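Open the model in your viewer and keep the selection tool ready. Each stop says what to pick and what to look for.

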Amino acid sequence: MKMNIFYSAACTLRFIEHMLGCSIDQDSYDHNRLSAFRDGLIEKHSSRLAYKNKQRLLDVKIVSTQPEFFEITESAKFPVILRDGAKQWICQNKWSREFFRKKCGNVRVYDVDDQITEQSAIKGHRELSDIIDNFGASEKEYIRFVPILNRFPELLQDLDTSFVNKVVSPKKNSVRIWGEKGSGIPLRSHLFIGEKGTKTSIHCELTNNLFINVQGQKQWLIFHPSSMFSLRSPVSRKPGVFGSMFDSERDFSSSNSAFKINACEHSSFILQPGDILYLPPFYWHEVKNLSDNISIGVRWYDFKKAMISSKTLNILSLLSTRPSMIKAIKNAVEYGEVHKDY
Ligand SMILES: O=C(O)CCC(=O)C(=O)O
Ligand SMILES: [Fe+2]
């Protein structure tokens, strides 16, 4: 997205808001003069960018070979999909709801609802088997952010480890699971098992995401990192996850003037079983399960890549206070631990 002086000024104001202690709840986005002033800047920025009824398309690369995928992931400049990239991986035939019920049914996982960045999203713990047994009941179930490789490191072998190495650590070819001793880039992982019709509301993260869609179809709506103001992302001071007040069903119409959607570069695509997505840091995403789904996101932090995506969001993440980045790193494995109420 083209930056202009209004956008740069809004970023500077966001740092001031972060330092001064302005709005933290998603509900109180428009709460003070500073944010009103920032909205005015963004209004100007948006009206320069928005073309009437013309959507600004975000460039998402779709490739069919590993070398093309590696080249784009290394640059971190675009989201990229490798169609059928994991079709031959062991996870494709092995991972199912029944497999996880048997392997780790007694594991207690955080129950996180779809507004994942809100204070109220973390609902406490439930046993994985209880949730899986409840699939098909009236309340739709979605198990998200389970740090599966930390608990069951052997499951890394069900992915293609040399592929993961090449994407995450192209120079040294060395990775390790977060918390394990040794050298190599530490990987976090999040398993998702969801029912058709479940979704995760829009947010973005500081980490790189190598996302393997194992089963089912998943629809992603993504926005360029610089859409943060148009998407009305409140000041949160959280480490590495940012929320937004945007909801595609409610706000995806140019008639709703509060959301300058046409000013944001965005794109939508559907992942099929066996597809691999690389999402660089800070690309906003809203994700819907179009059918029952199993997928895993492998994540790692890279300062350079995070700066390429968004200097503002990277520095704001490092300056987080709820909790601080140092505390977050200590608890980084469990999403529910890092993002519970601080
Ligand atoms: O699949 C989902 O519901 C959310 C995935 C996501 O937000 C992520 O991998 O970062
Ligand atoms: Fe995410």
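Select Gly-21. In this predicted model, Gly-21 comes just after helix 1 and takes a positive phi of about 90°.

Now step back into the helix itself. Helix 1 covers residues 5-20. Put a distance between its end C-alpha atoms: they are 22 Å apart. The 16 residues, at 1.5 Å a residue, should span 22 Å, so the two values agree.

Which residues of helix 1 are buried? Colour Phe-6, Tyr-7, Ala-10, Cys-11, Arg-14 and Glu-17. Then look down the axis of helix 1: the buried residues fall within an arc of 140°, so they line one face. Turn to the face directed away from that buried side. There you find the exposed residues Ile-5, Ile-16, Met-19 and Leu-20.

Zoom out to the whole chain. Count 13 helices and 16 strands. The chain has 342 residues, and 42% of them count as buried. Now consider contacts between residues at least 6 apart in sequence: 76% of these join residues at least 24 apart.

Next, pick Arg-108, in strand 4 (residues 108-112). Is Arg-108 buried or exposed? Arg-108 counts as exposed, because it has 11 C-beta neighbours inside 10 Å. Show Leu-128 as well. Arg-108 and Leu-128 are 20 residues apart along the chain, yet their C-alpha atoms are separated by 6.0 Å. Leaving aside residues up to four places away in sequence, Arg-108 touches His-125, Arg-126 and Glu-127.

Move to the open sheet. Six strands form it, in the order 1-13-11-15-9-12, with mixed pairing. Strand 1 (56-57) and strand 12 (241-243) stand at the edges. Each has a single partner strand, so one side of each is left without a neighbour in the sheet. Strand 12 pairs with strand 9 in the antiparallel sense, over three bridges. To see the two strands face to face, select Glu-205 and Val-241: Glu-205 stands opposite Val-241 in strand 12.

Keep Glu-205 selected and show ligand 1. Glu-205 is one of the residues around ligand 1. Which others are there? Add Arg-144, Phe-192, Thr-200, Asn-209, Phe-211, His-285, Val-287, Ser-295 and Gly-297. Colour this shell by type: three residues are nonpolar, five polar and two charged. Now colour by strand. Strand 9 (199-205), strand 10 (208-215), strand 15 (284-289) and strand 16 (293-300) each supply at least two residues of the shell.

Finish on strand 16. How many of its residues are buried? Eight of its eight residues are, and strand 16 is mostly covered. Side chains in a regular strand alternate between the two faces of the sheet. Check that here: Asn-293, Ser-295, Gly-297 and Arg-299 point one way from strand 16, while Ile-294, Ile-296, Val-298 and Trp-300 point the other way.

Which strands join strand 16? Strand 8 (residues 185-194) runs antiparallel to strand 16, and seven bridges join them. Select His-190 to find a matched pair: His-190 stands opposite Gly-297. Strand 10 also runs antiparallel to strand 16 and is joined to it by seven bridges. Here pick Asn-208, which stands opposite Trp-300.

How values were computed
Residues numbered from 1 in each chain as written. Chains lettered and ligands numbered in written order. Predicted model: local features only at pLDDT ≥ 70, side-chain atom pairs only at ≥ 80, totals over all residues. Near = placed C-beta within 6 Å. Helix = DSSP H or I, 4+ residues; strand = E, 2+ residues; numbered from the N terminus. Nonpolar A, V, L, I, M, F, W, Y, C, P; charged D, E, K, R; others polar. Buried ≥ 20, exposed ≤ 12 C-beta atoms within 10 Å, placed from the backbone. Contact = placed C-beta atoms within 7 Å. Pairing = 2+ DSSP bridges. Expected span 1.5 Å × (residues − 1). Arc of directions from axis to C-beta.
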